[in-house]
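Let's take a walk through this structure together. We will begin at the ligand, move on to a helix, and finish with a single residue.

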Amino acid sequence: MSLTHPTDSVHPLDVPGSDPRVIAEEAASVIAERTGVSSHDIALTLGSGWGQAAESIGELVSEFPASVVPGFSKPALAGHTGMIRSIRLESGAHALIIGSRTHFYEGHGVRRVVHSVRTAAAAGAKIMILTNGAGGLNPDWAPGTPVLIRDHINLTAASPLEGATFVDLTDLYSPRLRDAVKGLESLDEGVYVQFRGPHYETPAEVKMAGIIGGDIVGMSTALEAIAAREAGMEILGLSLITNPAAGISPTPLNHEEVIAAGRDAQTRLADLLARIVKEIA
Ligand code: HPA
């Protein structure tokens, strides 16, 4: 008896023996075809709060749902179709904007989590900007504060690298790019701690994150950064602090408040990201 029904479609990244880099190449070809842009220079993943940025970065060349590109997952929630956009900057450089992120907590495996980053690399991008919404350990960071990621601690117990791939992660978040951003705006820096989620951390876990050197807690980015480094990209990481992490403020976390903090910060973040991209691309 066959365990899979013949009409079940297996996700291409889950096909035994499949090579994620080959699927990323296929995805990049579809993007090149759809956009008419043979090579992109920079790529951005827009996390919560950062979504409006695409419009301020440059002129829209093309946009389409990520689900038409090989290897991208169907949206987890109806009506939440992640879009991929190609933007032409004033300088003539091209930015690939990834508006859909597959989170590790969705449980589909790390290959799918980092597919967008591998696709961006295959599409030519040399710089990967990873943004997210996250909890802050520093009580001075009010909701809506953007913070530069200086380094990360990966608490997912997973890696996007398969086999004996010993990749160095020193200076993973590019000192050159961080300096460029600090030249534009004075931002605090912090160490991002990726938890698996989707539950928020307990106050004890947040306390532990601080003791081991963390400043920011979230559920994305670290695995993507590792894949971006493997692909040879230069990485910039930015967190929007949407809330004080659990136990830092006396009130419990509330998902609606996290979303609202992102919404309120949108315009300022879009302006910041547009200036950053202009400076570095
Ligand atoms: N923890 C983890 N992820 C988050 C948080 C948080 O406090 N806020 C927004 N995303």
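**Around the ligand**

The shell around the ligand is made up of six nonpolar residues, five polar ones and one charged one. Keep in mind as you look that this is a predicted model. The residues to pick out on your screen are Gly133, Ala134, Gly135, Tyr200, Glu201, Val217, Gly218, Met219, Thr242, Asn243, Leu253 and Val258, which surround the ligand.

Where in the fold do these residues come from? Three strands, β5, β8 (216-218) and β9, each contribute at least two residues to the shell. Strand β5 gives the largest share, with three residues.

Now zoom in on the nitrogen atoms of the ligand. Glu201 places a polar side-chain atom 2.8 Å from a ligand nitrogen. For Thr242, a polar side-chain atom lies 3.4 Å from a nitrogen atom of the ligand. Gly133 takes part through its backbone: an N or O atom there lies 3.4 Å from a nitrogen atom of the ligand. How much of the ligand's accessible area does the protein cover? On its own the ligand has 260 Å² of accessible area, and the protein covers 94% of that.

**Helix α4 and its two sides**

Next, turn to helix α4, which spans residues 175-184. Its buried residues are Leu177, Arg178 and Val181. Looking down the axis of α4, you will find these buried residues within an arc of 100°, so they line one face of the helix. On the other side of α4 sit Asp179 and Gly183, both exposed.

What do the buried residues of α4 pack against? Their partners are the strands β5 (127-136), β6 (145-154), β7 (189-194) and β9 (234-244), together with helix α7 (255-280). Two names here are familiar from the ligand: β5 and β9 are among the strands that each supply at least two residues of its shell.

**A stop at Asp14**

Our last stop is Asp14, found in the segment before α1 (20-35). Is Asp14 buried, exposed or partly exposed? With a relative accessible area of 39%, Asp14 is partly exposed, because that value falls between the 20% and 50% cut-offs.

Setting aside the neighbours within four places in sequence, Asp14 makes contact with His108 and Arg112. If you would like a distance to check in your viewer, try Asp14 and Gly82: they are 68 residues apart in sequence, and their C-alpha atoms are 21 Å apart in space.

Technical notes:
Residues numbered from 1 in each chain as written. Predicted model: local features only at pLDDT ≥ 70, side-chain atom pairs only at ≥ 80, totals over all residues. Heavy atoms only, no water. Buried < 20%, exposed > 50% of the residue type's maximum accessible area, 1.4 Å probe, protein only. Helix = DSSP H or I, 4+ residues; strand = E, 2+ residues; numbered from the N terminus. Arc of directions from axis to C-beta. Contact = heavy atoms within 4.5 Å. Near = heavy atom within 4 Å. Polar contact = N/O pair within 3.5 Å; in protein donor to acceptor, adjacent residues only side chain to side chain. Areas by Shrake-Rupley, 256 points an atom, 1.4 Å probe, with all protein chains shown as cover. Nonpolar A, V, L, I, M, F, W, Y, C, P; charged D, E, K, R; others polar.
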